[in-house]
Amino acid sequence: MHRDDYSYLFKTAETITPLLKGEVGSVDQADIHLQQDNQDVMKQLYQYWKVEHPEAGSAYWLTQSWIMLLWQPIQLAFISVYTTQAVPKLRHIGQYYDNGLVAGYILPKEPMVTGELTQLVAYAGQELSILFNGSHQQFSAIARFTSRLAEQLLADLILINLLKLQKHKPTIDIYQQAQRWFSALDMPAQYLDSLYKQPNDKSWSVKRVSCCMYYRRSDGDFCLACPNK
C-alpha cells in the first residue's frame with residue numbers, strides 16, 4: 001500500500017506535541033506565510049509578549065517572538081529528515097497564531113522530496129533558509145532585530161534538536177549532522193564550537209551562543225545551557 005507522506009508526517013508530529021497539528025490545504029487560510037505581508041500578525045505577537053511580561057524588556061519580547069516563528073518549521077524539518085524521510089516544501093508552510101502562541105500549520109499538497117539522508121538535510125536546510133530569511137526581513141521591519149541574533153538563535157535551535165535526536169538515534173554522528181545542517185543553511189562553521197563532550201561522556205552537549213532571555217521574566221530562571229550563567 002502506498003504511504004501517504006503527509007498523513008504520516010502529521011501523525012508523527014502530533015506524537016511529539018499536540019501543538020504540531022497539521023493539515024493539507026491552501027496557506028491562505030493561515031495567519032502567517034511568506035506569500036503575504038505578515039507584519040500585522042508579527043506586531044500582535046510581539047505586543048502580546050510585551051504586555052504579558054513587561055518586566056522582561058525588549059530583548060525577551062524579540063527573542064520569544066522570533067522563536068515562536070521558528071519552532072514549528074524546525075521541528076517539522078527534523079521529523080521529515082530523520083523519521084518520515086520525506087521533506088515537504090517548508091518555504092510554503094502556513095502557521096496559525098493565537099494569543100502569543102504560534103501553533104498548528106498547513107502545507108500545500110506538493111510532492112515531497114525523498115532520498116538519502118545527506119540529500120534530505122541539504123533540501124530541508126535550503127527550504128528553512130528561504131523561509132527564515134523571508135521571515136526575518138518582515139520581522140526586522142517591525143522591530144530592531146539583527147540578522148546576527150536571528151542566526152544565532154537559529155543555530156542554537158538546530159543544535160538543541162540534534163541533542164534530542166541523539167537520545168533516539170544514538171548511532172547517528174551528531175557532529176557530522178550539525179556540519180551538514182549549517183552547510184545547508186549557509187551558516188558559519190564556527191557554530192560547531194558550541195558542541196562539546198564532558199570528560200568520560202560519549203554524548204554531545206551544547207553551550208548556547210544566544211540567550212532566550214527567559215531569566216529576565218519575573219517567573220524565569222537560567223536555562224541549563226545559558227551563555228549568561
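Start by selecting Ser129: at a relative accessible area of 17%, this residue is buried. Keep in mind as you click around that this is a predicted model. Ser129 sits in helix H4, which covers residues 117–139. Now add Asp186 to the selection and draw a C-alpha to C-alpha distance: the two residues are 57 apart in sequence, and the distance in space comes to 7.8 Å.

Stay on H4 and pick Glu127, a residue in that helix. Is Glu127 buried or exposed? Its relative accessible area is 0%, so it counts as buried, the cut-off being under 20%. Show side chains and you'll find Glu127 paired with Arg91 in a salt bridge, 2.7 Å from N to O. Arg91 belongs to the loop between H3 and strand E2 (94–98), and 36 residues separate the two partners along the chain. Unlike its buried partner, Arg91 is partly exposed, with 22% relative accessibility.

There are further salt bridges to visit; the count comes to 4. As a reminder, side chains of opposite charge can pair when their charged atoms come close.

Select Asp156 and Arg208 next. Their closest N and O atoms are 3.6 Å apart, which makes this pair a salt bridge. Asp156 is in helix H5, while Arg208 is in the segment after strand E5 (205–206), and the sequence gap is 52 residues. Both Asp156 and Arg208 are buried.

For another pair, go to Lys109 and Asp4. Here the salt bridge spans 3.8 Å, N to O. Which distant parts of the chain does the pair link? Lys109 is in the loop between E3 and H4, and Asp4 is in the segment before H1, 105 residues away. Colour by accessibility and Lys109 shows up as exposed, with a relative accessible area of 57%, whereas Asp4 is partly exposed at 33%.

Now for the nonpolar interior. Select Tyr82, Ile158, Leu162, Trp181 and Phe182: within the largest nonpolar core, a set of 73 residues, these touch the most other members. Elements giving two or more residues to this core include helix H1 (5–16), helix H2 (39–52), strand E3 (101–107), helix H5 (147–168) and helix H6 (174–184), along with H3 and H4. Which element supplies the largest share? That would be H3, with 16 residues.

Zoom in on Tyr82 and list its contacts, skipping residues up to four places away in sequence: you get Leu117, Val121, Leu162, Leu165, Lys169, Ile172, Gln177 and Trp181. Two of the names from the core selection, Leu162 and Trp181, turn up again in that list.

From there, turn to H3 (residues 58–84) and select Gln72. Gln72 is buried, at a relative accessible area of 0%. What does it touch beyond its neighbours within four places in sequence? Gln72 is in contact with Leu19, Leu20, Gln95, Val102, Ala103, Gly104 and Tyr105.

Last stop: Cys211 and Cys212. Cys211 is buried at 7% relative accessibility, and Cys212 is buried too, with a relative accessible area of 14%. A disulfide is a covalent bond between the sulfur atoms of two cysteines. How many disulfides are there in this model? The count comes to 0.

Conventions: Residues numbered from 1 in each chain as written. Predicted model: local features only at pLDDT ≥ 70, side-chain atom pairs only at ≥ 80, totals over all residues. Heavy atoms only, no water. Helix = DSSP H or I, 4+ residues; strand = E, 2+ residues; numbered from the N terminus. Buried < 20%, exposed > 50% of the residue type's maximum accessible area, 1.4 Å probe, protein only. Contact = heavy atoms within 4.5 Å. Disulfide = S-S within 2.5 Å. Core = buried A, V, L, I, M, F, W, Y, C linked by side-chain atoms within 4.5 Å.
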